[in-house]
Amino acid sequence: MKYPYSRFVYGSTRLGDVAIPAEKRVELACAAMRTGWWFHTSTQYGDALSILGQAFRKDPEHIPSMIYKIGGDSIAELEQSIEDNLRPVGLDHMDCGQLCLGGNLAREFAQGGACLKALEKIRESGRVRAFLLEVFPWTSEQPYRALKAGHTKGLVDAIIFYLNPLQRFADNRLWDLILDTGTPVVALRTVSGGPVHRLRDEPGFAWKDYLRQRAVEVAPVFEASGIKSWTEFCARFAFSVPGVLATVGTTGRKENLSEYQTVFGQPLEPLPKGIMDVLFALQRRWSEEVDVHAESWTM
Ligand SMILES: NC(=O)c1ccc[n+]([C@@H]2O[C@H](COP(=O)([O-])OP(=O)(O)OC[C@H]3O[C@@H](n4cnc5c(N)ncnc54)[C@H](OP(=O)(O)O)[C@@H]3O)[C@@H](O)[C@H]2O)c1
């Protein structure tokens with residue numbers, strides 16, 4: 001593995017939220033940069049890259065290490081996406097590229113095709129210094145084959161997918177292989193989108209009803225844990241999962257940034273085994289009953 005990723009990675013979706021004035025978002029980015037955390041970003045997050053570029057020019061001493069989503073259906077498209085990410089932030093290389101492989105490229109990767117050498121070459125050039133491989137329930141087949149065949153070894157630092165108390169977006173077969181092989185993981189969506197009671201009780205807060213239904217099942221588990229803060233519960237969940245290197249979360253508010261700092265600034269005790277067993281059993285069932293049947297990108 002190339003890097004020690006920070007345990008908490010600041011995701012930048014909220015930096016692209018135009019409902020927050022741009023100067024406030026630059027200010028927030030600068031505050032997050034001073035924590036020393038890694039950042040996670042993408043061309044898909046509104047104008048987040050441009051906000052980051054402004055923050056970097058304002059405080060070049062604190063430019064963070066960053067993960068960028070890069071992808072396409074061919075190496076040429078992937079190279080273009082590297083350029084599209086780097087241009088707005090004004091940097092000449094990526095610390096880490098999150099491979100979001102289109103169908104053809106994913107198949108080629110799983111078959112051990114020429115793209116493996118091409119990715120190696122990109123890494124050796126220093127343009128992208130490390131890779132993660134993105135997975136969803138509806139794209140788990142090719143990553144499963146790639147991992148099984150050993151094509152990720154030495155090339156990919158970790159598999160990255162939604163992993164939080166309400167979501168585990170690798171299908172059951174891939175998940176079992178990840179655990180069996182001790183493959184490192186970067187967990188996405190630290191707090192599952194927000195506090196579990198709001199997800200359960202506030203109409204419209206959960207962006208899909210399956211999340212509200214899961215919150216109904218998870219809220220009693222959280223309450224029984226005796227842990228006061230949902231953020232702490234979620235952080236401890238992530239680091240109770242074998243192989244997790246980092247969890248990626250976000251906020252558009254200074255007070256919630258402070259809460260992440262408090263939670264991740266202290267040692268994270270694993271959740272009791274009984275709680276993890278209950279959550280893992282729920283996630284195995286949700287995967288079978290819901291996730292693998294979902295239309296792509298609907299969850
Ligand atoms: N495929 C992918 O690569 C992918 C997909 C999804 C997400 N991501 C990455 O992961 C990051 C996080 O994803 P996410 O935003 O979907 O999930 P998340 O971090 O679980 O949820 C963030 C939401 O939780 C709220 N929140 C955070 N701390 C809180 C607290 N203490 N109290 C109350 N509310 C709190 C925030 O609201 P406020 O802003 O109001 O604080 C924000 O709306 C993204 O920024 C992105 O970088 C990557």
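In this predicted model, a convenient place to start is the pairing of two strands, where Tyr10 stands opposite Gly249 in E9. The strands concerned, E1 (residues 8-11) and E9 (244-249), run parallel and are joined by three bridges. On E9 there is also a parallel pairing with E8, this time over four bridges, and here Leu188 is the residue that faces Val248 of E9. Strand E9 is largely enclosed by the rest of the structure, because five of its six residues are buried.

From E1 the sheet can also be followed towards E2. Strand E2 covers residues 38-41 and runs parallel to E1, with three bridges between them; within this pairing, Gly11 lies opposite His40 of E2. The connection is a β-α-β unit of right-handed sense, made of E1, helix H1 (residues 22-33) and E2. The chain then crosses from E2 to E3 by way of helix H2 (residues 48-58), and this crossover is right-handed too. Strands E2 and E3 (residues 66-72) are likewise parallel, held together by three bridges, and His40 has Ile67 of E3 opposite it. The side chains of E2 are split between two directions: Trp38 and His40 point one way, Phe39 and Thr41 the other, and all of these are buried.

A further set of pairings involves E4, E5 and E6. Strand E4 (residues 96-101) pairs with E5 in the parallel sense over three bridges, and the bridge partner of Gly97 in E5 is Phe131. Strand E5 is joined to E6 by four bridges, and these two strands also run parallel. Here Glu134 has Ile160 of E6 as its bridge partner. Between E5 and E6 the chain passes through helix H6 (residues 141-149) in a right-handed β-α-β crossover. Strand E5 itself, residues 131-134, sends Phe131 and Leu133 to one side and Leu132 and Glu134 to the other, and all of them are buried, the charged Glu134 included.

Leu132 appears again in the packing of the interior. The largest nonpolar core has 89 residues, and Val9, Leu132 and Val186 are the members that touch the most others. Strand E6 (residues 156-164) gives this core its largest share, seven residues. The surroundings of Val9 tie several of the strands together. Apart from neighbours within four places in sequence, Val9 is in contact with Trp37, Trp38, Phe39 and His40, with Ile67, and with Ala246, Thr247 and Val248. Two of the residues named in the strand pairings thus return here: His40, which is in contact with Val9, and Val248, the residue opposite Leu188.

Turning to the ligand, which residues around it come nearest? Of the 25 residues in its surroundings, the nearest are Gly11, Thr13, Gly249, Thr250 and Thr251. Strand E9 and helix H11 (254-264) are the elements that contribute two or more residues to this shell. By class, the shell has 15 polar, six charged and four nonpolar residues. Gly11 and Gly249, both among the nearest residues, have already been met in the sheet, Gly11 opposite His40 and Gly249 opposite Tyr10.

Two residues stand out for their backbone geometry. Most residues other than glycine have a negative phi. Arg189, however, is not a glycine and has a positive phi of about 70°. Arg189 is found in the loop between E8 (185-188) and helix H8 (196-201). With 22 other C-beta atoms within 10 Å, Arg189 counts as buried, because the cut-off is 20 or more. Trp297, also a residue other than glycine, has a positive phi near 65°. Trp297 is found in the segment after helix H12 (273-289) and counts as exposed, because it has 7 C-beta neighbours inside 10 Å, where the limit for exposed is 12 or fewer.

Finally, one long-range contact is worth a look. Tyr210 is found in helix H9 (residues 209-225) and is partly exposed, with 18 other C-beta atoms within 10 Å. Leaving out residues up to four places away in sequence, Tyr210 touches Val290 and Met299. Tyr210 and Val290 are 80 residues apart in sequence, while their C-alpha atoms are 8.4 Å apart in space.

Definitions and conventions
Residues numbered from 1 in each chain as written. Near = placed C-beta within 6 Å. Core = buried A, V, L, I, M, F, W, Y, C linked by C-beta atoms within 7 Å. Contact = placed C-beta atoms within 7 Å. Pairing = 2+ DSSP bridges. Right-handed = clockwise from strand over helix to strand, strands pointing away.
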